[in-house]
Amino acid sequence: MAAATDVRGTELGRYLKARRAQVRPEDVGLPAGAGLRRTPGLRREELAALAGVSVDYYIRLERGRETNPSTAVVDALGRALRLRGDAYERLHELAELASGRVSEPPACSDHTVRDSILRMLESVRPLPAYVVSRYNRVLAANPPGRRLLPGLWDWPERQRNVTRYLFLHPVGRTLYEPWEDTAALSVGHLRAVAGADPDDPELTTLVGELVLKSPQFARLWERYDVCERGGGQKFFRHPKVGPMTLTYEVMRLARTGDQRMVVYQAAPGTLDEQAMLRLESADSRPEPTPVSHPDPVSEPRPARLPSPAPAS
């Protein structure tokens, strides 16, 4: 139990350190001082003073040696770090986990999608829809949902992850505009769910691969921004159906280990809707049947851009 508590305390410390680096002295009314600052953002002693705690206490908190901060201390740190919304809530969640005041996070799903959920995917057609795991692995999709993410289905089943697709697939790098915003939101979601179980094998494998292969991902991961969105809007430059702006809703599925269904739509009678509806018939090749891959896959096959004409 002690080792688990240390891990949680360390995760809280990582979060504090990452957020501290993003606050400039002038943001909180402090002088920047003369000369070059070796520390990006606030110094430990500056944050401790702003939060009203001792420097020694704050250092122990950031290093994971202090794991039971009071609610008042956490509130004070949140205010000093100028945290809002999801970022503020994440600080409190990590403090609760560090202290052991909450139970272990629920076990992740075995990635099996219930038949009733598969029927729901079919029932929302022609709206594109897919189901993702806690860490954004695509577990199932209806035909327009598969065609919304061209090239993803060229990868083996275990590699079909939306975040991996964004950073490592050539189509994923050009499908969304602005790509940077979509990428930041995807990493923010991973950071949000990682706080509950930072040592989950699926998560550590995904993050390790992306940090190694994508400098952009590594930079965003180090920022420790968190974001849990239930919906929004995305602009696509789709290679088959053209540009379109779609709104999307994210629905958590009960008793699934944090599986979520993502459904896209467009305003009726618009050019966006016309483009979206073309996903029903774009590329008339039969959709591939998912194949089980019992052995871990270390590398995805090189992705190919979709050809402009359907194959026979």
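This note looks at one strand and its pairing partners, and then at a single arginine, in a predicted model.

1. Strand β5 covers residues 260-265, and 5 of its 6 residues are buried, so this strand is largely enclosed by the rest of the structure. When you look at the model, it may help to find this strand before turning to its partners.

2. One partner of β5 is strand β1, made up of residues 129-132, and the two run antiparallel, joined by 4 bridges. Within this pairing, V131 has M261 of β5 as its bridge partner.

3. Strand β4, which spans residues 242-252, also pairs with β5 in the antiparallel sense, here over 6 bridges. In this case the residue that stands opposite V262 of β5 is V250. As a general point to keep in mind while viewing such pairings, the side chains of a regular strand alternate between the two faces of the sheet.

4. The arginine, R237, lies in strand β3, which runs over residues 231-238. Is R237 buried, partly exposed or exposed? Its relative accessibility is 43%, and because buried means under 20% and exposed means over 50%, R237 counts as partly exposed.

5. Leaving aside residues up to four places away in sequence, R237 touches T174, L175, E177, G242 and P243. Of these, E177 deserves a second look: R237 and E177 are 60 residues apart in sequence, yet their C-alpha atoms are 7.1 Å apart in space. The side chains of R237 and E177 also make a polar contact with each other, at 2.7 Å.

Methods:
Residues are numbered from 1 along each chain as its sequence is written. This is a predicted model: local features need pLDDT of at least 70, side-chain atom pairs count only at pLDDT 80 or more; totals for chains, interfaces and linings use all residues. Side-chain values use heavy atoms; hydrogens and water are left out. Buried means under 20% relative accessible area, exposed over 50%, partly exposed in between (1.4 Å probe, protein chains only). Two strands pair if DSSP finds at least two bridges between them. Contact means heavy atoms within 4.5 Å. A polar contact is a pair of N or O atoms within 3.5 Å; within protein, one must be able to donate a hydrogen and the other to accept it, and residues adjacent in sequence count only if both atoms are side-chain atoms.
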